[in-house]
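This report describes a protein model together with its ligand. Please look at the sequence and the structure shown below before reading on.

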Amino acid sequence: MEIPKDHPRYKSLSTRERLAELAKDGIVTITGLIAHGRGEAFDYLLGERTIPQAREAERVAVSYLLEARNPVISVNGNVAALCPEEVIRLSEAVPAKIEVNLFHRTSERIEKVVRHMERAGAGRVLGRNPDSILPGISSDRAMCTREGIYTADVVLVPLEDGDRAEALVAMGKVVLAVDLNPLSRTSKAATVTIVDEVTRAIPEMTLMVDGLRDDPEKRKELTSSFDNKENLRRTIRHICRYIESQGDKDKE
Ligand code: PTJ
């Protein structure tokens with residue numbers, strides 16, 4: 001369906017259309033559509049913009065990516081559908097590897113998502129041939145590559161499920177989550193949680209790479225002083241204040 005460009009919710013509606021199309025192609029799962037709806041609801045509570053707490057987490061996350069020995073960006077169906085080019089740009093800027101890792105895994109779907117990333121311009125995408133298993137996960141999501149997620153020291157996990165985030169942390173990895181829900185298990189488990197919409201967060205992070213690339217002292221300062229729990233508490237307070245301000249507006 002063609003969404004009129006002047007519709008006040010154009011961006012949101014056209015994103016839904018794209019996700020629905022890619023669900024028909026088997027890149028996004030039906031439950032991925034539900035996950036997107038949950039994300040949209042949380043984004044309303046942020047005023048659909050990047051809040052200062054998210055920007056701070058993004059800077060810390062970029063610092064970790066630049067410090068990493070083997071940084072990997074994990075891509076699932078939703079992320080491939082929402083921002084493939086943006087993920088590729090970030091992976092080239094850092095540089096970091098891209099690995100497709102799916103919750104609803106079939107080899108056919110892995111192939112589709114990898115191909116989707118390749119068509120968007122990715123040079124090399126890991127995930128077709130998993131040769132390792134992450135301990136502590138009962139789902140197929142445990143399957144990954146030794147070259148990528150298994151040996152990664154820093155993993156960026158946009159739109160993650162809680163089990164894998166916890167398992168990656170238990171393996172001693174630095175986990176950088178992008179999740180609009182500050183109350184999710186992923187948000188609580190991650191080393192750094194970016195409470196921001198993924199299509200805003202990833203380009204914002206790419207812009208930050210240049211400023212931090214030649215500043216190892218700043219990177220160390222950012223990573224060592226960051227407290228994820230405290231940042232999440234401040235995010236929740238921000239959301240509460242925002243909701244109250246909207247309620248007050250209605251009274252006026
Ligand atoms: O493609 P697959 O098979 O790997 O499946 C991907 C999904 C997303 C379905 C799977 O990972 C899943 O079920 O995830 P969850 O447990 O629903 O978690 C997704 C989290 O991402 C939720 O907390 C949502 O609020 C959040 N979220 C949804 N859309 C966005 C988002 N966060 C940032 N940006 C979004 N656009």
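In which loop is Pro95 found? Pro95 lies in the loop between helix H5 (84-93) and strand S2 (97-100). Helices (H or I, at least four residues) and strands (E, at least two) are DSSP runs, numbered from the N terminus.

## Basis of the model

This is a predicted model, in which local features need pLDDT of at least 70 and side-chain atom pairs count only at pLDDT 80 or more, while totals for chains, interfaces and linings use all residues. Residues are numbered from 1 along each chain as its sequence is written, and side-chain values use heavy atoms, with hydrogens and water left out.

## Backbone features in two loops

Most residues other than glycine have a negative phi, and most peptide bonds are trans. The peptide bond from Val94 to Pro95, however, is cis, with omega near -5°.

Glu48 is not a glycine, yet has a positive phi of about 50°. Glu48 belongs to the loop between H2 and helix H3 (52-67).

## The ligand and its surroundings

The shell around the ligand contains 22 residues (those with a heavy atom within 4 Å of the ligand). Gly77, Phe103, Arg109, Asp179 and Glu197 come nearest. By class, the shell has 7 nonpolar, 7 polar and 8 charged residues. Here Ala, Val, Leu, Ile, Met, Phe, Trp, Tyr, Cys and Pro count as nonpolar, Asp, Glu, Lys and Arg as charged, and the others, Gly among them, as polar.

Oxygen atoms of the ligand pair with several protein atoms. A polar backbone atom of Phe103 is 2.7 Å from one such oxygen atom, and a backbone N or O atom of His104 lies 2.9 Å from an oxygen atom of the ligand. For Asp179, an N or O atom in the side chain is 2.8 Å from a ligand oxygen atom. The protein covers 93% of the 740 Å² of accessible area that the ligand has on its own (Shrake-Rupley method, 1.4 Å probe).

## The largest pocket

The ligand sits in the largest pocket, meaning that more than half of its atoms lie within 2 Å of the pocket's grid points. A pocket is an open set of points on a 1 Å grid over the protein atoms alone, where a 1.4 Å probe fits, with protein on both sides within 12 Å along at least five of seven lines; lining residues have an atom within 4 Å of a point.

Of the 50 lining residues, Ala35, His36, Gly39, Asn78 and Leu159 are the closest to the centre of the pocket. H2 gives the most to this lining, with 10 residues, and also supplies the largest share of the shell around the ligand, 5 residues.

How values were computed. Polar contact = N/O pair within 3.5 Å; in protein donor to acceptor, adjacent residues only side chain to side chain.
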